[in-house]
Amino acid sequence: MDHDHVRGVDPVVADALEGEIERQQDTLSMIASENHVSRAVLDAQGSALTNKYAEGYPGARYYGGCRYADEVEQLAIDRATELFGAEHVNVQPHSGTQANQAVYFAMLEPGDKILSLDLTHGGHLSHGHPANFTGQLYEVEQYEVDPETGYLDYDGLADHAAEFEPDIIVSGYSAYPREVEWERIQDVAEEVDALHLADIAHITGLVAAGVHSSPVGVADFVTGSTHKTIRSGRGGIVMTNEEYADDIDSAVFPGGQGGPLMHNIAGKAVGFGEALEPEFETYAERTVANAKALGETLADHGLSLVSGGTDNHLVLVDLRESHPDTTGGDAEEALEDAGIVLNANTVPGETRSAFNPSGIRAGTPALTTRGFDEDDLRTVGDLIARVIDSPDDEDVIADVSESVDELCAANPLYE
Ligand SMILES: *Cc1c(COP(=O)(O)O)cnc(C)c1O
């Protein structure tokens with residue numbers, strides 16, 4: 001893939017763009033929130049729609065010349081509606097965080113109460129972290145996973161909600177390897193008369209494919225990112241029912257954003273179209289099967305998995321017992337030297353810091369897109385375990401690098 005037009009005016013940026021493609025080709029991308037979009041989605045996102053102002057919604061814009069913008073946005077909406085079965089879909093949020101912002105802005109007043117999962121237990125910054133606007137505008141308390149099992153503590157959540165009386169309960173997580181029981185959280189929300197926001201950012205593709213149960217039709221609001229398991233390019237989405245449709249639309253625009261990123265919405269339209277094809281269901285199933293194969297292999301090597309395994313696209317490894325002297329940061333760094341890119345992550349009951357936590361998180365969405373199967377993921381699991389056992393051994397790193405090169409060459413990307 002070349003960038004001749006960029007190279008003509010800006011060789012430095014062209015080098016960086018081509019370097020990034022090579023980096024993606026030559027390393028194992030195992031950051032659980034990342035994926036590789038198709039060439040079709042890439043082209044749509046890098047299109048002339050970036051030039052177009054289209055404030056408003058299809059058929060009701062504040063600008064002329066919106067014929068194609070309308071066509072593309074309506075396609076994205078219709079395809080998302082078909083994928084998720086939601087009554088109302090808004091495809092304009094610039095990201096998953098902006099999608100959440102729209103829900104809070106539509107439904108809450110400053111000082112209202114949010115009950116969400118603790119960040120170190122798998123939650124997200126936009127669910128009430130002190131450094132995020134949510135932590136500063138709203139009163140936030142947090143629920144937790146069961147420290148013994150690593151599964152969500154639904155009973156603890158119910159007790160906490162009864163005591164705190166939140167205005168909104170947030171479900172949906174960044175580092176939770178198990179199936180979420182949306183109905184149980186919805187029951188708690190109804191019990192205390194709270195709204196329920198289900199943020200499926202990570203699992204949007206798994207939900208679309210029916211590989212994870214759907215909160216659509218259960219929770220009042222469902223938000224997501226469009227670039228994680230759904231491979232539709234960077235962006236966000238909000239879904240709700242007819243009752244809240246107008247409130248959400250006004251909270252996205254003009255409430256929180258100006259002109260929509262029409263080129264990204266074109267990417268969403270193309271990516272959602274791809275996700276409607278039967279192959280996407282196979283992709284989502286393989287993503288989960290691959291994560292299970294990875295988790296089992298890591299466990300066979302004596303690594304401890306939070307919750308003991310996975311139901312979705314990611315595994316969370318707690319290094320404290322098996323490797324008390326290796327932090328998540330140490331592991332992340334050594335693995336990157338060997339060409340395996342993932343991230344250090346906090347674990348439930350974290351005893352280090354968010355900056356250098358005790359775990360690593362590894363996901364299979366991107367590798368599965370490249371064609372990796374369960375055998376490949378067992379090989380990758382062996383390689384990860386070898387590096388974590390000897391993070392400072394240069395021979396091991398060199399050896400693993402070679403195996404990574406072979407795996408990458410056998411599963412080409414953007415040919
Ligand atoms: C990734 C993520 C988001 C959104 O992230 P953006 O980078 O803003 O798209 C929101 N919620 C959760 C739980 C996430 O994991």
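**The two domains and their interface**

Trainee: How many salt bridges does the count between domain 1 and domain 2 come to?
Mentor: This is a predicted model, and what follows should be read with that in mind. A salt bridge here needs a side-chain nitrogen of Lys or Arg within 4 Å of a carboxyl oxygen of Asp or Glu, and Asp 311 and Arg 178 fulfil this with their side chains, at 2.9 Å from N to O. Between domain 1 and domain 2 the count is 1 salt bridge.

Trainee: Which residues belong to domain 2, and which to domain 1?
Mentor: The protein is divided into two parts, of which domain 2 covers 43-275. Domain 1 is written as two stretches of the chain, namely 8-36 + 280-410.

Trainee: What area do domain 1 and domain 2 bury between them?
Mentor: In terms of contacts, 29 residues of domain 1 meet 26 residues of domain 2, while the C-alpha centres of the two domains lie 27 Å apart. Of the area buried between the domains, 61% is on carbon and sulfur atoms, and the whole comes to about 2200 Å².

Trainee: Which three residues supply more than any other three of the area that domain 1 buries against domain 2?
Mentor: The area buried between the two domains is about 2200 Å². Of the part that domain 1 buries against domain 2, 29% is supplied by three residues, more than by any other three, and these are Phe 280, Ser 307 and Asp 311.

Trainee: Which element gives the largest share of the side of domain 1 that touches domain 2?
Mentor: Across the interface, 12 residue pairs are found in polar contact. On the domain 1 side, helix H12 (278-300), strand E12 (314-318) and helix H14 (365-369) each supply at least two residues. The largest share, 6 residues, comes from H12.

Trainee: How do the residues of that side of domain 1 divide into nonpolar, polar and charged?
Mentor: The side of domain 1 that touches domain 2 draws at least two residues from each of H12, E12 and H14, with H12 giving the largest share. Its residues divide into 11 nonpolar, 13 polar and 5 charged.

Trainee: What is the radius of gyration of the protein?
Mentor: The secondary structure comes to 16 helices and 15 strands. For 415 residues the globule rule gives 22 Å, and the protein comes close to that value, so it is as compact as a globular protein of that length, with a radius of gyration of 21 Å.

Trainee: Which helix holds both Arg 23 and Glu 20?
Mentor: The side chains of Arg 23 and Glu 20 meet in a salt bridge, at 2.8 Å from N to O. The two residues are 3 residues apart, about one turn of the helix, and both lie in helix H2.

Trainee: Where is Glu 165 found?
Mentor: Most residues other than glycine have a negative phi. Glu 165 departs from this, with a positive phi near 50°. Glu 165 is found in the loop between helix H7 (154-164) and strand E7 (168-171).

Key: Residues numbered from 1 in each chain as written. Predicted model: local features only at pLDDT ≥ 70, side-chain atom pairs only at ≥ 80, totals over all residues. Heavy atoms only, no water. Domains from an automatic or database assignment. Contact = heavy atoms within 4.5 Å. Buried area = accessible area lost by both parts, 1.4 Å probe. Polar contact = N/O pair within 3.5 Å; in protein donor to acceptor, adjacent residues only side chain to side chain. Helix = DSSP H or I, 4+ residues; strand = E, 2+ residues; numbered from the N terminus. Nonpolar A, V, L, I, M, F, W, Y, C, P; charged D, E, K, R; others polar. Rg over C-alpha atoms; globule rule 2.2 N^0.38 Å.
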